[in-house]
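Work through the exercises below with the sequence and the model at hand. Each task is followed by its solution.

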Amino acid sequence: MSSDELPNNQNALSSKETIEENQSDNLNLEEQESLDWAKQAFEKLKQKQLEKKEALFKESNSLAQVTEETQETNNLQLKNKINNVDKDDCLNDSSKDILKDIEDSGLGEFDDSFTWSAGVLAAQGKEPDSISLEDIDWLKRLRQGLEKTRKGFVTDLLEKFGDDPLTPEVLDDLEALLLRADVGVNATDQIITALRRRLNEEVLDSKEGFRFLKQQLCQIVNKPIKNSNQEVLAPKHKSLNIWLLVGVNGVGKTTTLGKLAHLALRSGYTALIAAADTFRAAAVQQVQIWGRRSGVSVIANETPNADPAAIVFDAIGAAKSKEIELLLVDTAGRLQTKNNLMEELAKIRRIIDRLAPEAIVESLLVLDASQGQNGLNQAMSFAESANLTGVVITKLDGSSRGGVAFAVASEAKLPIRFIGAGERLQDLKPFNSFEFVEALLANR
Ligand SMILES: Nc1nc2c(ncn2[C@@H]2O[C@H](COP(=O)(O)OP(=O)(O)O)[C@@H](O)[C@H]2O)c(=O)[nH]1
Ligand SMILES: [Mg+2]
């Protein structure tokens, strides 16, 4: 194998050196430590990436059993294969592995986006060699996704905060900004009151003010999580866990269900999907595609308007006989009337209670971040009839209204369990308040 096929480590090093030269003059100790951490992490990841690529090429060579001379053609075929599987909904296992390898190889440059992501991981006590490319990819995506929210909020905020100690007038401006960013009346009140109290006690410079604001924002989203006594939502092994995905049409229920199935399998759970959105014919097929993508079986009935409760009935039977740990239930988002929709959810719930009273049931409301305040209204109306236990916020990539997370936590008092930022299988992660707030206020 020629060394040309391997990623060029030299490029990464030279860009790293440039950053170092430019920055080392005016870095304080804390920043220098953070940069060192990021450099170490970058080196480790680069190494892992190299090893992975080498393994991939070796594998492709042994599979095709080609000689040195024909290797170039073979690599080309491999690349073609990779390009093609990207468009294929029904990936086979080996294509999936290759695709994953290639996707994972996107380390990119040692740039501001990498150092920021590394800083967020370091601040949570992680070691440079324990992080993965996926961690970095996700944080970059989250920061990028929240850019629109940030632009309309943080940029103004930084301008208002300036470099001087905070004044009561700045708090009035902050209040208006928070409300405009869909943070909601309750959460905004809470933040402004806390800041005011602090300002009365001491002089607060803008940097400390910003830090205090982040802390307040974290507290707001953490409160319902703490109240639930479950830091991260995960199914209980060797038990039947049933997670219902509810919410209005188009918010991303089915997509989230597919991503959750993938996450569950990767985390070592056995999973099954129930296609209980029978209101639209295409909905069942869409679930089946996600089932194939994630490698999880689907219980469905393709008869138009089949009874969703009957599908859940069958799915529970199958889950019990196969000792499934996580049953994911897709539900309809639109029926003729809102009452019908709520009645249908209640009926599904009754079936579960009757058939699997021992099951651990989660009713997760899926909210589209781009709907802002409207999402909060949905949360309030579903909370009454759907026994909600948590929220999934989707479409954080490119939404300008990510602030709604705070409104949901403080007004609907629901823990945010997962967030979605993209349409790929891996674009869903358990909610982490620290990462979310850091990504939202990433400029400082
Ligand atoms: N950009 C982006 N699109 C998403 C995300 N989640 C879902 N979508 C898209 O939103 C649309 C509606 O999703 P779907 O799962 O069918 O919504 P449902 O009607 O609630 O089941 C689809 O085009 C999805 O690809 C996300 O996190 N980011
Ligand atoms: Mg759907």
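**Exercise 1.** Determine how many residues of strand E7 (residues 416–420) are buried.

Solution. Strands are DSSP runs of type E with at least two residues, and helices are runs of type H or I with at least four, both numbered from the N terminus. A residue is buried if 20 or more other C-beta atoms, placed from the backbone, lie within 10 Å of its own. By this criterion 5 of the 5 residues of E7 are buried. In the protein, 39% of the 444 residues count as buried.

The model is predicted: local features need pLDDT of at least 70, side-chain atom pairs count only at pLDDT 80 or more, and totals for chains, interfaces and linings use all residues. Residues are numbered from 1 along each chain as its sequence is written, with chains lettered from A and ligands numbered from 1 in the order in which they are written.

**Exercise 2.** Identify the strands that pair with E7 and give the sense of each pairing.

Solution. Pairing requires at least two DSSP bridges between two strands.
- Strand E6 (residues 390–394) is parallel to E7, with 3 bridges; valine 391 stands opposite isoleucine 416 of E7.
- Strand E8 (residues 428–430) is antiparallel to E7, also with 3 bridges; isoleucine 419 stands opposite lysine 429 of E8.

**Exercise 3.** Place E7 in its sheet and find the edge strands.

Solution. The order is E3-E2-E4-E1-E5-E6-E7-E8, an open sheet of 8 strands with mixed pairing. Strand E3 (297–299) and E8 each have a single partner strand, so one side of each lacks a neighbour in the sheet.

Note on methods. A residue is buried if 20 or more other C-beta atoms lie within 10 Å of its own, exposed if 12 or fewer, and partly exposed in between; C-beta atoms are placed from the backbone.
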